[in-house]
Amino acid sequence: MERRGFLKSAGAGAMLSLFPAALESIEREKEARGLERRSLGRTGEKLSIIGFGGIVVMDATTEQAAQRVREAIEAGVNYFDVAPTYGNAEDMLGPALEPYRKGVFLACKTEDRTKDGASAALERSLKKMRTDHFDLYQHHAVTKLDEVDRILGPGGAMEAFEAARRAGKIRFIGFSAHSVEAALALMDRGSFDTILFPVNFATWYAGNFGPQVLARAQEKKMGILALKALAKGPVDKAAPKKYAKCWYEPVDQADEAGMALRFTLSHPVTAAVPPGDENIYKMALGLAANFNPLSGKEIDAMKKKGAAASPIFKYPQA
């Protein structure tokens, strides 16, 4: 068995002083080969710093899906995330992931805000994913405050989540959010194990979108999972769409992508889920294999780059 090294973030406190917290707040470890793994809040789990989003296998052939999952597993990925809204991703990922299911952390989501609807969605997803439970089940893409009210109110989806956890169908409860307002409201009013939220250099510095959410999640000792690490900005609607699986313009050049990914992973997040384009995903996987936190000089450079960018999210919402 290969030796496992526990990583000390020496000097990270000063190095990351511009961030809400340093990497000492999470446990980090790395195999002699493969991806670094980090603790997920108070769950006791350790996940690879790169997650596999189900969109990577959306519209793939059976053979392509199996190959992409196998390559991710061989690279050290143990965190997989899917949702019913990702086209046929569940249909493709379920069979491809089945041989590895016992060794991975599997997350799923629902956009249904009602108890009955969320319960039915969970059962459909379990069947498609060929598993008897999800390690993490999440309220998906919460954006408006009235969604928070529906989720947490009588007959809301949270009741279904809690019943499913008691029944052993899910282990942990989380949410993904696309607005600061919704994320803060959910954390203040509910009890969650994780948050899945955009942590991106442009939204952070040009959109004031992220610092307050990560700070609150840290206070609550939640596991933090990151979206949109490789988002460059809004797409040019006048230009031909280059990436069918991305609704935003992704960072697709290795040097720039490496810095963007390192920006996200230099925060106290457990893992980043790259874009669903299979080639960008493969690039991110390779870049993450040699992750090192940003230096002070690099932080200054990313601050300037981010401040000059066009973010895909802003706070407050327009």
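**Pockets and sheet of the predicted model**

The lining of the largest pocket comprises 12 nonpolar, seven polar and five charged residues, where Ala, Val, Leu, Ile, Met, Phe, Trp, Tyr, Cys and Pro count as nonpolar, Asp, Glu, Lys and Arg as charged, and the others, Gly among them, as polar. The structure is a predicted model, in which local features need pLDDT of at least 70 and side-chain atom pairs count only at pLDDT 80 or more, while totals for chains, interfaces and linings use all residues. Residues are numbered from 1 along each chain as its sequence is written, and side-chain values use heavy atoms, with hydrogens and water left out.

The largest pocket (on a 1 Å grid over the protein atoms alone, an open set of points where a 1.4 Å probe fits, with protein on both sides within 12 Å along at least five of seven lines; lining residues have an atom within 4 Å of a point) has a volume of about 410 Å³. Its lining has 24 residues, and Ile-55, Tyr-86, Leu-227, Lys-228 and Trp-247 lie nearest its centre.

The second largest pocket holds about 260 Å³ of space. It is lined by 13 residues, of which Val-235, Pro-240, Lys-242, Tyr-243 and Glu-249 are the closest to its centre. Seven of its lining residues are nonpolar, none polar and six charged. Strand β13 (residues 248-250) gives the largest share of this lining, three residues.

Strands (DSSP runs of E, at least two residues, numbered from the N terminus) pair if DSSP finds at least two bridges between them. Eight strands form an open, parallel sheet in the order β5-β6-β7-β8-β9-β10-β11-β14. At its edges, β5 (52-53) and β14 (271-273) each pair on one side only. Strands β7 (residues 105-110) and β8 (residues 134-142) pair in the parallel sense over four bridges; Lys-109 has Gln-138 in β8 as its bridge partner.

Conventions:
Grid points are joined across faces, edges and corners, and a volume is the space filled by probe spheres set on the points.
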